[in-house]
Amino acid sequence: MKRWQAVLLAATLVLGAGCSDLGGMATRYRAERMAWQARREEARLRVGKARPDSTTLLKIRDSYSRLRAAFKPPFVKGTGDAAKRLNAEIARLVGMTELTSARFALQAHRPDLALEQAQWAASIAAADTGLHREADFVTVAALQGLRKYDEAVATLYGMLDRYPPIPPPRYDREDRILSV
């Protein structure tokens, strides 16, 4: 068998085996790369500063917010299982970087920005309860920063309804917060 025939056969097998979702995987790679670049920018801006000022914190926040601007839901076109899985992975990545950006807004004393970002992250969470829960915690912190304490408490009570505490399978492994 000639070399070009072997390459053509291998390419056909790879595409036929279901590994042809290159567009979605490329989108996920671009999102991961942008998140890495945001972390690198954060490290660059923090060099030599034990406690950065609010301007530096907002610059770091902007570097994390670029993912939200670059990737709009639905992140990957398609209806199959692979597209749903990639959408969930990219939503989690973009949502977590948006929440990181919101935390920097809180540190820069801009709870208004943090609240909007946390609400957006919660809106794309779908079935990802981990992302939704993180967004709820950032929402509570932003509401406290805005001095909307009643709304913050209501959000915490809503979290108890959405995420009920689950008792451990054995009582010797019980979480201390549940025994208070």
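Is Y157 buried or exposed?

1. In this predicted model, Y157 is exposed, because its relative accessible area is 56% and the cut-off for that word is over 50%. Y157 sits in helix α7, which covers residues 149-162, and together with V153 and L160 it makes up a nonpolar patch on the surface, the three sharing about 310 Å² of accessible area.

2. Helix α4 (residues 81-107) and helix α6 (residues 129-145) have axes that come within 10 Å and cross at roughly 15 degrees. The two helices are therefore roughly parallel, since angles under 35 degrees count as such, and the crossing of α4 and α6 is left-handed.

3. The salt bridges come to 12 by count, and one of them joins D136 to R162, with the closest N and O atoms 2.7 Å apart. D136 belongs to helix α6 and R162 to helix α7, so this pair ties together parts that are 26 residues apart in sequence. D136 is buried, at 6% relative accessibility, whereas R162 is partly exposed, at 43%.

4. Other salt bridges lie within a single helix, including the one between R46 and E42 in helix α2 (residues 22-46), where the partners are four residues apart, about one turn of the helix, and their closest N and O atoms are 3.2 Å apart. Here R46 is partly exposed, with 28% relative accessible area, while E42 is buried, with 18%.

5. R85 and E89 are likewise four residues apart, in helix α4, and so about one helical turn separates them; their closest N and O atoms are 3.3 Å apart. This pair also belongs to a network of salt bridges that links R28, E32, R85 and E89.

Conventions
Residues numbered from 1 in each chain as written. Predicted model: local features only at pLDDT ≥ 70, side-chain atom pairs only at ≥ 80, totals over all residues. Heavy atoms only, no water. Patch = residues over 30% accessible without salt bridge, like charges linked within 9 Å, V, L, I, M, F, W, Y side chains within 5 Å. Areas by Shrake-Rupley, 256 points an atom, 1.4 Å probe, with all protein chains shown as cover. Salt bridge = Lys/Arg side-chain N within 4 Å of Asp/Glu carboxyl O. Buried < 20%, exposed > 50% of the residue type's maximum accessible area, 1.4 Å probe, protein only. Axes fitted to C-alpha atoms, helices over the stretch in contact; angles between N-to-C directions. Parallel < 35°, antiparallel > 145°, perpendicular 65-115°, else oblique. Left-handed = near helix turned anticlockwise from the far one by under 90°.
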